[in-house]
Amino acid sequence: MDAKDSLRIELQFSGGMELLFDNQKTIHAKVPASFPTESTGKRHRTAIRDLIGWIASTLLKERPELFIGADGSVRSGILVLVNGADWELEGELEYELEDRDEIVFISTLHGG
Amino acid sequence: MSCSVEEPTMTVAEKRAKSRAVHVGFCCKCKSEKSTIIVRYAEYCDPCFLIALDSKFRTALRNARPYRVTNPENVMLAFSGGSSSRSLIHLFDVFHSLPPEVATNKQQPKIYNNIHVCHIDESCLMEPTQEQERDRSSLTQSTMEQARSIAAAYGYEFHGDQLTISGQAPELLSKILPLSLTPSERTTLSRQERIEKLNALLRACTTLTAKETLLQHFRSSLLVQLTKRAQCTILALGDSATRVAIQIIGLTAIGRGYSLPHETSLLSDWIQDCKVIRPLKDCLVKELDTFCSLRQLEMIEKHEAQLDWTMRTKAEIKSIDRLTQEFITGLDKEFPSTVATVCRTAAKLTAPGATYQDRCPLCHGPVQKDVQEWKNRITVTTAPTNHTVDSSLGAAEVDPGCCNPNGASVCCSTSSSNNRTSNGPSSCSPPQNGSLATHGHSSPDELPFSSLLCYGCLTNLRDLDLKAMGSSSSHHADEGVSSFDLPPYVAETLLHRLGLGSLEEYQEMQFARDNDAGRVAQDPRESLREQIQEFLIESDDEDDDPL
């Protein structure tokens with residue numbers, strides 16, 4: 001894959017999330033820079049929504065339902081940080097990824 | 001999860017929050033930095049967030065226990081390894097490390113004397129993964145060392161290994177596993193055997209809910225034990241607001257509403273000589289997770305057996321606790337005030353007027369009077385085995401919903417498994433009692449167990465399948481020898497509530513009673529005479545007359 005066609009994304013998992021990814025805390029992933037839009041078929045820049053689907057289909061080792069929710073978002077109770085900032089501030093699912101972005105997934109699955 | 005009706009209060013709160021923020025996208029405190037975290041409509045930058053969280057913690061701590069104290073107390077921090085309890089340690093450390101000018105001021109006494117950290121190692125309950133099976137070296141990864149090193153980094157005294165008998169295996173849970181059969185046997189049980197016993201008990205739970213609840217009782221009882229052992233009078237738990245909200249709903253659902261105030265309040269003084277505080281009760285788990293990641297606090301990943309079970313179970317949702325968790329977090333996503341609303345509402349509950357002396361042997365919670373009777377009245381359960389049980393007792397056949405006449409034993413309406421449960425504590429009592437119990441009747445010779453339980457525990461134990469534990473419960477008379485092992489503290493509490501000092505004392509009492517019973521059996525006419533003594537007309541004189 002050409003460098004222009006893919007984004008270098010650093011994915012981090014903690015709080016139990018890493019158990020879903022074969023105990024890997026950090027994954028340096030090359031993510032396609034664009035995904036086809038479902039309705040039109042035209043390619044758009046990769047958003048977090050696409051990233052989540054991509055992770056679930058390529059990286060996830062087990063139990064996808066513990067990661068991905070019904071609406072294509074992450075399961076409720078998973079905190080997502082985009083470059084250290086809450087993804088809610090960055091537009092949540094619609095945030096368009098940049099090269100060398102750092103995405104952190106923290107599970108709040110645990111108890112006290 | 002979405003609600004079709006828009007809550008008007010939410011949008012008002014949202015509007016208010018937005019108008020409060022001078023610039024959207026900037027921190028609501030300093031208003032100059034770009035915001036990086038959003039907590040219930042309020043946006044913060046990293047430094048302001050840390051300050052806000054710290055002051056929130058201090059406020060909660062002050063509310064839990066006034067700063068003005070005459071003699072400082074020792075506090076025990078319960079550390080599971082997750083983000084909440086990890087934050088608790090760090091926040092406590094920040095709070096406790098006073099600036100030098102305050103520390104040297106002798107007029108200002110310290111609020112907390114010594115800070116201890118304890119950890120319960122649950123790794124023995126985790127099933128090894130396939131990879132671990134292959135690589136035997138990583139099979140028994142104990143979380144204890146990790147916890148110890150974290151505590152050591154703060155210079156806090158660490159507890160957890162002192163309870164083991166062998167001294168080598170820092171396996172706390174194993175301490176509570178065996179129910180001491182006899183004092184000699186207490187020491188001979190190996191750690192492996194204890195783990196096996198605990199696993200057997202948990203395997204007998206037919207539902208994940210029962211399993212989690214049981215483990216939670218053991219866990220909290222251990223924490224209290226550890227706290228007392230370390231001469232601490234305060235136990236600080238890392239329950240977050242999210243966790244408390246889940247518990248409020250979850251515990252109510254499993255029938256533990258009566259003890260809810262004790263299990264969810266900021267400060268509970270239910271347990272004798274051990275106050276339980278939850279200083280993080282106002283902090284969302286999201287805040288604590290962010291805190292840990294900002295401070296780069298080291299956590300123990302696989303710290304809870306429950307987490308492991310979740311990973312292993314193939315079904316989507318498995319227990320009431322998990323379901324509630326899904327419900328609360330799902331709702332909270334769209335209505336960020338959900339957690340706070342649930343917590344505020346339940347905080348209005350006041351503790352019941354029960355006394356600590358009458359605590360439930362299993363969960364040490366308050367017990368309502370006549371639980372069994374009440375349960376019988378509201379439950380309509382007819383188990384297929386009822387008839388045999390009833391006929392063997394020769395009573396209650398007419399009304400299957402009524403109570404078993406055998407005083408201490410369990411009612412017949414709550415299925416045969418409960419009947420077995422009532423016989424369970426036969427292993428609370430010494431093995432001789434097991435043989436005594438083969439009288440044919442359910443359990444007059446055993447420690448009364450189910451009659452002393454609280455409603456929640458009674459309900460929970462119905463999900464225990466003792467057949468799975470290999471106990472011979474097929475025949476009623478054999479039940480006395482079933483191996484229903486519970487931690488020793490259950491037996492201790494039972495004896496305490498019966499007003500007995502030790503197991504031996506109980507044995508003696510039983511022995512004496514058995515002797516009586518033996519005499520009765522030898523001469524039934526004599527026993528009948530004893531029973532109707534009061535109604536007998538003294539006829540000594542008349543007896544002589546006809547002769």
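Helices and strands are taken here as DSSP runs, numbered from the N terminus. I applied this to a predicted model.

**Entry 1. Overview of chain B**

I began with the secondary structure of chain B, which comes to 25 helices and eight strands. I then looked up burial and found that 44% of the 547 residues in chain B are buried. I also looked up the contacts in chain B between residues at least 6 apart in sequence, and 69% of them join residues at least 24 apart.

**Entry 2. Nonpolar cores**

I asked which residues have the most contacts inside the largest nonpolar core. That core has 94 residues, and the residues in question are Met76(B), Leu77(B), Ala78(B), Leu235(B), Ala236(B), Ala245(B) and Cys454(B). Helix α10 of chain B, residues 208-229, gives the most to this core, with eight residues. I noted that the core lies between domain 1 (69-99 + 109-129 + 141-352) and domain 2 (371-503) of chain B, because both give residues to it. I recorded a second, separate core of 26 residues, which includes Met17(A), Phe67(A), Val82(A) and Tyr95(A).

**Entry 3. Ala78(B) and Val75(B)**

I examined Ala78(B), leaving aside its neighbours within four places in sequence. Ala78(B) is in contact with Ser85(B), Cys118(B), Leu223(B), Leu235(B), Ala236(B), Leu237(B) and Gly238(B).

I turned next to Val75(B), which I located in strand β3 of chain B, residues 73-78. Is Val75(B) buried or exposed? Val75(B) has 25 C-beta neighbours inside 10 Å, and 20 or more are required, so I entered Val75(B) as buried. Not counting residues up to four places away in sequence, Val75(B) touches Tyr112(B), Ile115(B), Cys232(B), Ile234(B) and Ala236(B). I also looked up Pro261(B), 186 residues from Val75(B) along the chain; the C-alpha atoms of the two are separated by 21 Å.

**Entry 4. A pair of helices in chain B**

I looked up how helix α2 (residues 46-64) and helix α3 (residues 83-96) of chain B are placed. Their axes come within 10 Å and cross at roughly 80°. Angles of 65 to 115 degrees count as roughly perpendicular, so I described α2(B) as roughly perpendicular to α3(B). From α2(B), the contact is made by Asp54(B), Phe57(B), Arg58(B) and Leu61(B), and from α3(B) by Leu91(B), Val94(B) and Phe95(B). By class, I recorded five nonpolar, no polar and two charged residues in this contact.

**Entry 5. Helix α1 of chain A**

I asked which residues are buried in helix α1 of chain A, residues 48-58. They are Ile48(A), Asp50(A), Leu51(A), Ile52(A) and Ile55(A). Among the elements that cover the buried residues of α1(A), I found β2 (26-32) and β3 (34-36) of chain A.

**Entry 6. Positive phi values**

Most residues other than glycine have a negative phi. I looked up two residues with positive values.

Glu92(A) is not a glycine, yet its phi is positive, at about 45°. I located Glu92(A) in the loop between β6 (85-86) and β7 (101-107) of chain A. With 16 other C-beta atoms within 10 Å, Glu92(A) is partly exposed.

Asp273(B), also a residue other than glycine, has a positive phi near 60°. I found Asp273(B) in the loop between β7 (267-268) and β8 (275-277) of chain B. Asp273(B) has 11 other C-beta atoms within 10 Å, and 12 or fewer count as exposed, so I entered Asp273(B) as exposed.

Notes
Residues numbered from 1 in each chain as written. Chains lettered and ligands numbered in written order. Predicted model: local features only at pLDDT ≥ 70, side-chain atom pairs only at ≥ 80, totals over all residues. Core = buried A, V, L, I, M, F, W, Y, C linked by C-beta atoms within 7 Å. Helix = DSSP H or I, 4+ residues; strand = E, 2+ residues; numbered from the N terminus. Domains from an automatic or database assignment. Contact = placed C-beta atoms within 7 Å. Axes fitted to C-alpha atoms, helices over the stretch in contact; angles between N-to-C directions. Parallel < 35°, antiparallel > 145°, perpendicular 65-115°, else oblique. Nonpolar A, V, L, I, M, F, W, Y, C, P; charged D, E, K, R; others polar.
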